[in-house]
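Trainee: I would like to go through this structure step by step. Could you take my questions in order?

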Amino acid sequence: MPRIVDHEEKRKVIAETAWRIIEKEGVEKASIRRIASEAGMSAGALRYYFSTQDELLLFLIEYYLDKGKERTDQIPWSKDSLQAVKEILLELVPVSQDKRTETGIWLVFAVRSLTSAALHAKKDQLTEGEFILMEAVLEMLIKAGYVNKNINIEIEKLRLSAIIEGLSIHALLRPDIFTKEKTEQIITHHIHELCHAGVGNRG
């Protein structure tokens, strides 16, 4: 009887092994042979998933994006728009181990995409996705009456994205300062300023 292969378990082992190597020694050390050896697999089996380092990074980013989506799908978001926006934004910042791993992979991927044509399109897709999300949370606040509909939403979505990306980098580099509580305070402060810049309709 043929052995049943659990592809999801293999994906998990490969992704976690590859990231462990990259995190400690850099992406250049994450060769197929090295990952296969540490994951207890053959190099041929790994080539089913990727054959180059760029394909490895695409594999990793997709894997951890899927994990992040699974996590957020389980979150019971608040029904109040203002609180839900704060929760959504906080979820984007690496204030837990899982999110630190995801953010670390994103930073490695983003830097590599600057010189890799193979990764460039995916980088643009992901950043555009973040801009769309920022616009969506602003629209939530506008619809609920917290923010004036006449704000410059193009500027505000980019500013909000820049704040979240900056917080993510600092939370990754200095978790002792950018704790979950401090990060939440910063996000709340920014949303408060946005809602009370002489344009909000609600208190």
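What follows is a set of questions and answers on the helices, the burial and the charged side chains.

Trainee: Which pattern does the chain follow along the sequence?

Mentor: Keep in mind that this is a predicted model. The chain has nine helices and zero strands. Read in order, the pattern is therefore α-α-α-α-α-α-α-α-α.

Trainee: What share of the residues of the chain counts as buried?

Mentor: A residue counts as buried when its relative accessible area is under 20%. The chain has 203 residues, and the buried share is 39%.

Trainee: Is helix 5 largely enclosed or largely open?

Mentor: Helix 5 covers residues 81-91, eleven residues in total. Among its buried residues are Leu82, Val85, Ile88 and Leu89, and Lys86 and Glu91 are buried as well. The buried residues pack against helices 4, 6, 7, 8 and 9. Because eight of the eleven residues are buried, helix 5 is largely enclosed.

Trainee: Which residue has a side-chain oxygen that reaches the backbone nitrogen of Leu82?

Mentor: Look at the start of helix 5. There, a side-chain oxygen comes to within 3.2 Å of the backbone nitrogen of Leu82, and that oxygen belongs to Asp80.

Trainee: How many salt bridges does the structure hold?

Mentor: Side chains of opposite charge can pair when their charged atoms come close. The chain has 28 positive and 31 negative side chains. The number of salt bridges is 16.

Trainee: Which residue of the salt bridge between Glu8 and Arg11 is buried?

Mentor: The two side chains meet at 3.4 Å, N to O. They are three residues apart in helix 1, which means a separation of about one helical turn. Glu8 has 44% relative accessibility, so Glu8 is partly exposed. With 18%, under the 20% cut-off, the buried residue is Arg11.

Trainee: And which residue is buried in the salt bridge between Glu156 and Arg159?

Mentor: This salt bridge has an N to O distance of 3.0 Å, and its residues are three apart in helix 8. Arg159, at 39% relative accessibility, is partly exposed. The relative accessible area of the other residue is 14%, so the buried one is Glu156.

Trainee: Is Asp176 buried or exposed?

Mentor: Asp176 forms a salt bridge with Arg174, with the closest N and O atoms 2.6 Å apart. Arg174 is partly exposed at 40%. Asp176 has 51% relative accessibility, and the cut-off is over 50%, so Asp176 is exposed.

Trainee: Which residues are joined into one network by salt bridges that share partners?

Mentor: Shared partners link separate salt bridges together. The residues in this network are Arg71, Glu91, Lys99 and Glu102.

Definitions and conventions. Residues are numbered from 1 along each chain as its sequence is written. This is a predicted model: local features need pLDDT of at least 70, side-chain atom pairs count only at pLDDT 80 or more; totals for chains, interfaces and linings use all residues. Side-chain values use heavy atoms; hydrogens and water are left out. Helices (H or I, at least four residues) and strands (E, at least two) are DSSP runs, numbered from the N terminus. Buried means under 20% relative accessible area, exposed over 50%, partly exposed in between (1.4 Å probe, protein chains only). Lys and Arg count as positive and Asp and Glu as negative; His and the chain ends are not counted. The place of a charge is taken as NZ of Lys, CZ of Arg, CG of Asp or CD of Glu. Contact means heavy atoms within 4.5 Å. A polar contact is a pair of N or O atoms within 3.5 Å; within protein, one must be able to donate a hydrogen and the other to accept it, and residues adjacent in sequence count only if both atoms are side-chain atoms. A salt bridge is a side-chain nitrogen of Lys or Arg within 4 Å of a carboxyl oxygen of Asp or Glu.
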